[in-house]
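I opened this notebook to keep a record of what I looked up, one entry at a time. The entries start with a pair of charged side chains and then move on to the whole chain.

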Amino acid sequence: MAQLLDGAGRLGWVLLRALLRFVFMFINNCVAIPSYCFYLLLLQPLRIWDSSAFWHIEGVMFKWLLAMVSSWGWIAGYTVTEWGDDVRPISEEEAMVIVNHQSTGDVCTLMMCLQDKGMVVRKMMWLMDHVFKYTNFGLVSLIHGDFFIRQGKAHRDKQLVYLKDHLDKYYHSRDRKWIVLFPEGGFLRKRRETSQLFAKKHSLPHLTHVTLPRLGATHVILKTLSAQLENGSVSSDTGILNQTGTKRKGLQWVIDVTIAYPKARPMDIQTWIFGYRPPTITHVHYRMYPIKEVPVEAEALTDWLYRRFVEKEELLAQFYDTGAFPPPEGHKEAVSRPMTLDIVWLGAIQAFAFVSGYMWYSVLQYLYCYLF
């Protein structure tokens, strides 16, 4: 009986904590997202007068919103440890980021681990499934200029045309630097069986921890954001001018990001919201490739992408066996780096969000009373 009561007490505490977290995050969204929208509405004259200043301010507020999402996991003990290349020195250079995709928590993990990478978060563009458009963060992503892509053969060709048009319209005009995509085109659990059947049919590697990537979006991004050379590789100079009138260098890097969860149990968005899982460390591995090493011709790029995901498979297999990623080439031991967030900074952002929410509520209440 004592054990039963003790178990019931623990369950009750988990449920109460989950309820309190949900209430806090609901209120957090209700004050932060409308405030973001109202501030940008107020700044529309600045957008006409000086668009670079407008998008700079928007990017700062966008980073704050992502920091709030990061704080939800941080206060529950969900942290990140980083491995491999240090990407911070290239945070001001243009890069395409390819990530393996296991669950909705992958996006939250990236939101957290990129917070300390300079201006990356405020100058990045996300490619994500169109269903995210209908989440609480969908409106923010639409304003920021992210691209929502529909999956499936019926939509594939049109979506790639829409993606190119989107990049032409928004990537340079809003001075974006990093573009993040999930080349697998879906969650691991949903695509693994189909991917393995395709691999068997075409004599490709059998993958368990990742799936074979799709070429489309990666190909469009490389062709649109990089200048193509005659040998089929890409140049580091696009010839396009940025907002200050200087020539943009174009994509300089491809950053291969591999996310690994302890015991291969992915973290989903529900876990971040309710916090019912014990404190967990998610491991993120980076590998950087200079853009000149990346082919842009379809067949060569397909082979290059397949090799990257075979490497991801090997990385994840070793991590799940040993609890650590293999050391970089030429090193005897892999070194990990705990990623940290400043709790005071997170608190200041949350305070600003709640103060802003109260201010905008007061303004709207005054206008309603004045008009009606």
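Are Arg176 and Glu58 buried or exposed? I found that Arg176 is buried, and that Glu58 is buried as well, where buried stands for a relative accessible area under 20%, exposed for over 50% and partly exposed for what lies in between, with a 1.4 Å probe and protein chains only.

**What I am looking at.** I note that this is a predicted model, in which local features need pLDDT of at least 70 and side-chain atom pairs count only at pLDDT 80 or more, while totals for chains, interfaces and linings use all residues. Residues are numbered from 1 along each chain as its sequence is written, and side-chain values use heavy atoms, with hydrogens and water left out.

**Entry on the first pair.** I looked up how Arg176 and Glu58 are joined, and they form a salt bridge whose closest N and O atoms are 3.7 Å apart; the term asks for a side-chain nitrogen of Lys or Arg within 4 Å of a carboxyl oxygen of Asp or Glu. Arg176 sits in the loop between helix 6 (153-171) and strand 5 (178-181), whereas Glu58 belongs to helix 3 (residues 51-74), so this pair ties together parts that are 118 residues apart in sequence. For these names I keep in mind that helices (H or I, at least four residues) and strands (E, at least two) are DSSP runs, numbered from the N terminus.

**Entry on Asp175.** I then turned to Lys123 and Asp175, which form a salt bridge with the closest N and O atoms 2.6 Å apart. Lys123 lies in the loop between helix 4 (105-113) and strand 3 (124-129) and Asp175 in the loop between helix 6 and strand 5, so the two tie together parts that are 52 residues apart in sequence. Both Lys123 and Asp175 are buried, and for Asp175 I wrote down a relative accessible area of 11%. The backbone of Asp175 also made me pause, since its phi is near 55 degrees, a positive value in a residue other than glycine. Most residues other than glycine have a negative phi.

**Entry on Lys263.** Where does Lys263 lie? I located Lys263 in the loop between strand 8 (253-260) and helix 9 (269-274), and its phi, near 60 degrees, is again positive in a residue other than glycine. Lys263 counts as exposed, at 77% relative accessibility, whereas Asp175 is buried.

**Entry on helix 6.** Within this helix I found Lys164 and Asp168 meeting in a salt bridge of 2.9 Å, N to O. The two residues are four apart in helix 6 and are therefore separated by about one helical turn. Lys164 is partly exposed, with a relative accessible area of 39%, and Asp168 is partly exposed too, at 44%. Elsewhere, I noted that Glu82, Asp116 and Lys117 are joined into one network by salt bridges that share partners, and that the structure holds ten salt bridges. Val161 is also found in helix 6 and counts as partly exposed at 47% relative accessibility; its C-alpha atom is separated by 26 Å from that of Glu293, which is 132 residues away along the chain.

**Entry on Leu127.** I looked next at Leu127 in strand 3, which counts as buried at 5% relative accessibility. Which residues does Leu127 touch, not counting those up to four places away in sequence? Among them are Phe147, Leu163, Ile179, Leu181 and Ile221, a contact being heavy atoms within 4.5 Å. Leu127 and Phe147 are 20 residues apart in sequence, yet 5.0 Å apart in space, C-alpha to C-alpha.

**Entry on the whole chain.** I counted eleven helices and ten strands in the protein. The radius of gyration is 22 Å, close to the 21 Å that the globule rule gives for 372 residues, so the protein is as compact as a globular protein of that length; the radius is taken over C-alpha atoms, and the rule is 2.2 Å times the number of residues to the power 0.38. The C-alpha atoms fill a box of roughly 70 × 65 × 45 Å along the principal axes, and buried residues make up 49% of the 372 residues. Finally, of the contacts with a separation of 6 or more, 77% are accounted for by residues 24 or more positions apart.
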